[in-house]
Structures are given as C-alpha cells and as structure tokens.
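Biologist: Could you take me slowly through the sheet of this protein, with the helices that lie against it and the core around them? I would like a careful reading of that one part.

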Amino acid sequence: MKQKETLLTTPLSEQKIELSHLIIEEMGDEHKASSVDTPMRADAFDKTDEEKIAIIEPHFRAIMETLGMDLNDDSLRGTPLRVAKMYVKELFQGLNPANMPSMTLFENKFQYNEMLVEKNINFYTNCEHHFVPFFGKAHVAYISSGKVIGLSKLNRLVEYYSKRPQVQERLTMQIGKALQTVLQTQDVAVFLDAKHLCVASRGVKDDSSNTITSFYGGKFQEENTKAEFLKYLDINA
Ligand SMILES: [Zn+2]
C-alpha cells in the first residue's frame, strides 16, 4: 500500500525572512555568529559552478606560489584546479539552496506521537574563520505533529548545512530551524558534538577538547522532555 506523501516544495531560500529575525549574540572570542543565516552576497549565484571554479583556480595557484611552492612539480600542478572543484562541487555546495535535498513527508498513519531520535549522524564541515575542518556527531529529535519524515532525510539535512563554511552555533540552529519548518512543528532538538581542527592542530593545539552546541524548540524546552532526549544520547543533563 502506498503511503500518502506530501512533497515540501518550499525551498529554504523562501524561509530566509522568517529565519533572519533570529539574532545570535556574540559567542566566544574567535567564533562569533551574527545571524542564523549564512552571510551571503546578493550576487551569490549569478555565476555558474564552472565559472566559479575557473576564478578560484588561479587565486589558489597564487596562494601556493606566494608560499614559495613550485607549481611545475608533478605532484602540485593539479592542486589549484582540484581545490577549486572541491570547494564548489563538494565542500561548499550547500551554500546554494538549489542543492537542498528534497524533503518528503508522510502522514503519521500509525499515530506515533513519542519522541523520535536519530543519533550519531556523522558530519564534516569547515570553520569559516580558518577554512579547516570541524567534524563530529549530530543527534536530532522531533515529536511528530502529524507528519513524519524519511529517516535518511535527517542525515541529508545535516549534510546539506555542513557543506558550507560554518560556525558550530549557526550550523546547529540552521538544522533546528529547517527541521521545524519541514516537520511543521516547534518540537525539535539538535545536539552537536564536534572537534575543531582550528583548535586541535593550530592555535592552542588542544586536541582533547570537544565543542557541544544544542537547539531545543517547543516541548524540548521542558526539562523532562529535554532529559529524555539527553538520556537517549547517554549524556548527563
Ligand atoms: Zn576556526
């Protein structure tokens, strides 16, 4: 029997008005975020991916040459183009709302109205202050308002927002806000536990510290609901 499904056709760009109301105050000395929206230029998508790659390549070549590297070397020759492609087509493809995964919702026919937790979603993203990776586990949860979502869509949404230069605070909120919109409920929680290479491999060189951020909407702001969520994560509230 085919489940009745509703395709959410609202692209995320249309939610910008709603999301931009939310201002996050300064968070930490080096990592501050001004808004839940990724700061973007008005002409962000005037150029095609291929045009962007063609522009980035010589700039990256200039960085390498300025550092004194010999680009005639076989091993280095292809690096500028490789990096340009990787930036546009892989690491930062989530800047473009056209790449947002389609979110298919289903009627909650079985009337499951308890918490659903999807834990240990691996994510890899890049710190927008240093352009080096931070990565870890995302745990997301929601309580259905009558719609349910395919579980893999939760992973895909986390991945989409990870494919941008990010700060962990904004990544957490972007995932949370998008889930609220997609699932048509405030009852959403997001918990990110990450290791930042800009902290581990440079600067203070602390490779044992983790950074935790969370987003609690609707019922998850109530202590017992939040505690139940954290219990599933094996984390003390
Ligand atoms: Zn950083």
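Modeller: I will begin at one pair of residues in this predicted model: Asp 193 has Ile 212, in strand S8, as its bridge partner. That pair belongs to a longer contact between strands, for S7, residues 188–196, is joined to S8 by six bridges, and the two strands run antiparallel. Both strands are part of an open sheet of five strands, whose order is S6-S3-S4-S7-S8 and whose pairing is mixed. At the edges of this sheet stand S6 (165–166) and S8 (211–216), each of which pairs on one side only.

Two helices pack on the sheet. Helix H5, residues 151–162, touches S3, S4 (133–143) and S6, and its direction makes about 25° with that of S3. Helix H6, residues 168–183, touches S3, S4, S6, S7 and S8, and its direction makes about 155° with that of S7.

These elements meet again in the largest nonpolar core, which has 34 residues; those with the most contacts inside the core are Val 140, Leu 157, Ile 175, Leu 179, Ala 189 and Val 190. Two or more residues of the core come from each of S2, S3, S4, H5, H6 and S7, and H6 gives the most, with seven residues. Val 190 may serve as a place to look in detail: leaving out residues up to four places away in sequence, Val 190 touches Ala 138, Val 140, Thr 172, Ile 175, Gly 176, Ser 214 and Phe 215.

Strand S3 also leads to another helix, since S3 and helix H2 (49–66) are among what covers the buried residues of H4. Those buried residues of H4 include Pro 80, Ala 84, Val 88 and Leu 91. H4 itself, residues 79–91, spans only 15 Å between its end C-alpha atoms, whereas a straight helix of 13 residues would span 18 Å at 1.5 Å a residue.

On the way into S3 (115–127), the loop that follows strand S2 (103–107) holds Asn 108, which counts as partly exposed because 14 C-beta neighbours lie inside 10 Å. Beyond neighbours within four places in sequence, Asn 108 is in contact with Ser 144, Gly 146, Lys 147 and Val 148; Ser 144 is 36 residues away in sequence, yet 7.6 Å away in space from C-alpha to C-alpha.

A word on confidence is due: the mean pLDDT of the protein is 86, and 84% of its residues reach 70 or more. Over residues 1–29, however, the pLDDT is below 50, although this stretch has 37 contacts in the model beyond near neighbours in sequence. Where pLDDT is low, the predicted coordinates should not be read in detail.

Terms used
Residues numbered from 1 in each chain as written. Predicted model: local features only at pLDDT ≥ 70, side-chain atom pairs only at ≥ 80, totals over all residues. pLDDT = per-residue confidence, 0-100. Contact = placed C-beta atoms within 7 Å. Helix = DSSP H or I, 4+ residues; strand = E, 2+ residues; numbered from the N terminus. Buried ≥ 20, exposed ≤ 12 C-beta atoms within 10 Å, placed from the backbone. Pairing = 2+ DSSP bridges. Axes fitted to C-alpha atoms, helices over the stretch in contact; angles between N-to-C directions. Expected span 1.5 Å × (residues − 1). Core = buried A, V, L, I, M, F, W, Y, C linked by C-beta atoms within 7 Å.
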